[in-house]
Amino acid sequence: MKPRQSRTQFFAQSVRRLYHGELQTVMNQLETQRLAIRQQGLTAAIWIGGACFLLALFMSLIRLGGTALFVFLGIFGLIAWYAALAGPMSQYRNDFKQQVIDRLVKLYDQNLSYNPTGGISQQEFRHSQIYQHSIDRYSNEDLIYGLLGKTAVRFSEVHAEYKTTTTDSKGNRHTHWHTIFRGIFFIADFNKHFQGRTIIEPDHLESAWGGFGSWLQSLTAKVQVGSNRGQLVKLEDPTFEKLFAVYSTDQVEARYILSTSLMQRLVEFHDRVGKPVALSFIDSKLHIAIPSQKNLFEPPSIWFGSALMTQEEVQTYFNDIKLAAAIVEDLNLNLRIWTKQ
């Protein structure tokens, strides 16, 4: 395996060759498609807007309708305009993903496949037990899957939400949506069937409150005895302990999983990602949740910018793929220290 620096250089050179090679033709085709859709949108806006205006003018002349009619015509016009463009915009989005993102996935590793409409299922997400809150709305997309070395992996974008309802002073009910998790959700075969469940969370308490935070964790853990999360596991690595809180239904197995080398690799991965990642080891799977507010792998806007992207923009798409795919290397998952029973 190449050292990280040489691999970084290798991938940068590969992206550069792809960018100056076949992607040039692809981007030219996408830009032609984008400009045609934009022109179609402007033409549709003129025709639909003009028709709605004339209809509103006629209705006002015969004194039929009022403010409500104008609002209705405005909403109807927007719906008609969107319906006229929905097909072409969806085609542009799909073409970008199939022709650009798929090439970048294959550039990272030929053994990976890409399905823009697939994703980690809600059942798999809940089975990880990283997030305990009930889910009222769930979406996924951009599934990447395959073998990286000896390790089977799957990851996709996931957005899980729950809702709350409030009533104002006038008795009106309002629904509010809250994010449980949004980002990349990663699942890998860990080559070991776990007897217990081990969950690793960002340790906000200890990082903020030090020893007092650790005491609060212990107090919380006592309340959680018998729950799916199990008991708090105290480990010997102080750096790891400041970043993560570990809960497990099997203390011995948790310490066996979290070897000194794996804890060090998780610390390094946390620092490189720069986000509060969470993990779980359940059955024979490793689950990792990497939060992100960015909608990944989307094409350049129809209305702004250009599909003729710069090399740096293409590199950004590739880096988002590499962030999750490189977990296998980062955590050394291809080192088969265990064998499934």
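Which residue in β3 stands opposite I144? The residue is F155. This report starts from that pair and then moves through the rest of the model, which is predicted.

## Strands and hairpins

Start with strand β2, residues 137-148, and strand β3, residues 151-167. The two run antiparallel, and 10 bridges join them. I144 and F155 face each other across this pairing. The strands form a hairpin with 2 residues between them. Look at G149 in this hairpin: its phi is positive, near 70°.

Strand β3 also pairs with strand β4, residues 173-189. This pairing is antiparallel too, and it spans 15 bridges. Follow A160 across to β4 and you reach its bridge partner, F181. β3 and β4 make a hairpin as well, with 5 residues between them. In that turn sits G171, with a positive phi of about 85°.

## Salt bridges between helices

The model has 11 salt bridges by the rule used here. One of them joins R103 to E22. Their closest N and O atoms are 2.5 Å apart. R103 belongs to helix α3, residues 67-108, and E22 to helix α2, residues 22-61, so the bridge ties together parts 81 residues apart in sequence. Is each partner buried or exposed? R103 is partly exposed, at 27% relative accessibility. E22 is partly exposed as well, at 44%.

Another salt bridge pairs D330 with R272. Here the closest N and O atoms are 2.2 Å apart. D330 lies in helix α11, residues 327-330, while R272 lies in helix α9, residues 260-273, so this pair connects parts 58 residues apart in sequence. D330 counts as buried because its relative accessibility is 7%, and the cut-off for buried is under 20%. R272 is partly exposed, at 36%.

## A bridge within a network

E298 and R93 also meet through their side chains in a salt bridge, 2.7 Å from N to O. E298 sits in the loop between β9 (285-291) and α10 (311-325). R93 sits in helix α3. The two are 205 residues apart, and the pair links distant parts of the chain. E298 is buried, with a relative accessible area of 17%. R93 is partly exposed, at 28%.

Which residues are linked with R93 and E298 in a network of salt bridges? They are K97, E141 and D142.

## The loop after β9

S292 is found in the loop between β9 and α10. How much of S292 is accessible? Its relative accessible area is 12%, so S292 counts as buried. Leaving out residues up to four places away in sequence, S292 touches R182, G183 and K275.

S292 also has a neighbour in sequence to look at. A polar atom of the S292 side chain lies 3.2 Å from the backbone nitrogen of K294.

## K106 in helix α3

Return to helix α3 and find K106. K106 is partly exposed, with 26% relative accessibility. Setting aside residues up to four places away in sequence, K106 touches L112 and S113.

Where does the K106 side chain place a polar atom? That atom lies 2.7 Å from the backbone oxygen of L112.

## The surface of helix α2

Helix α2 holds both L57 and W47. L57 is partly exposed, with a relative accessible area of 38%. L57 forms a nonpolar patch on the surface with F53 and L54. Together these residues have about 320 Å² of accessible area.

Is W47 buried or exposed? W47 is exposed, because its relative accessible area is 66% and the cut-off for exposed is over 50%. W47 and G77 are 30 residues apart along the chain. Their C-alpha atoms are separated by 9.8 Å.

Note on methods. Residues are numbered from 1 along each chain as its sequence is written. This is a predicted model: local features need pLDDT of at least 70, side-chain atom pairs count only at pLDDT 80 or more; totals for chains, interfaces and linings use all residues. Side-chain values use heavy atoms; hydrogens and water are left out. A salt bridge is a side-chain nitrogen of Lys or Arg within 4 Å of a carboxyl oxygen of Asp or Glu. Helices (H or I, at least four residues) and strands (E, at least two) are DSSP runs, numbered from the N terminus. Buried means under 20% relative accessible area, exposed over 50%, partly exposed in between (1.4 Å probe, protein chains only). A polar contact is a pair of N or O atoms within 3.5 Å; within protein, one must be able to donate a hydrogen and the other to accept it, and residues adjacent in sequence count only if both atoms are side-chain atoms. Contact means heavy atoms within 4.5 Å. Two strands pair if DSSP finds at least two bridges between them. Patches are made of residues with over 30% relative accessible area and no salt bridge: like charges are joined within 9 Å, nonpolar side chains (Val, Leu, Ile, Met, Phe, Trp, Tyr) within 5 Å. Accessible areas come from the Shrake-Rupley method with a 1.4 Å probe; for residues, only the protein chains shown count as cover.
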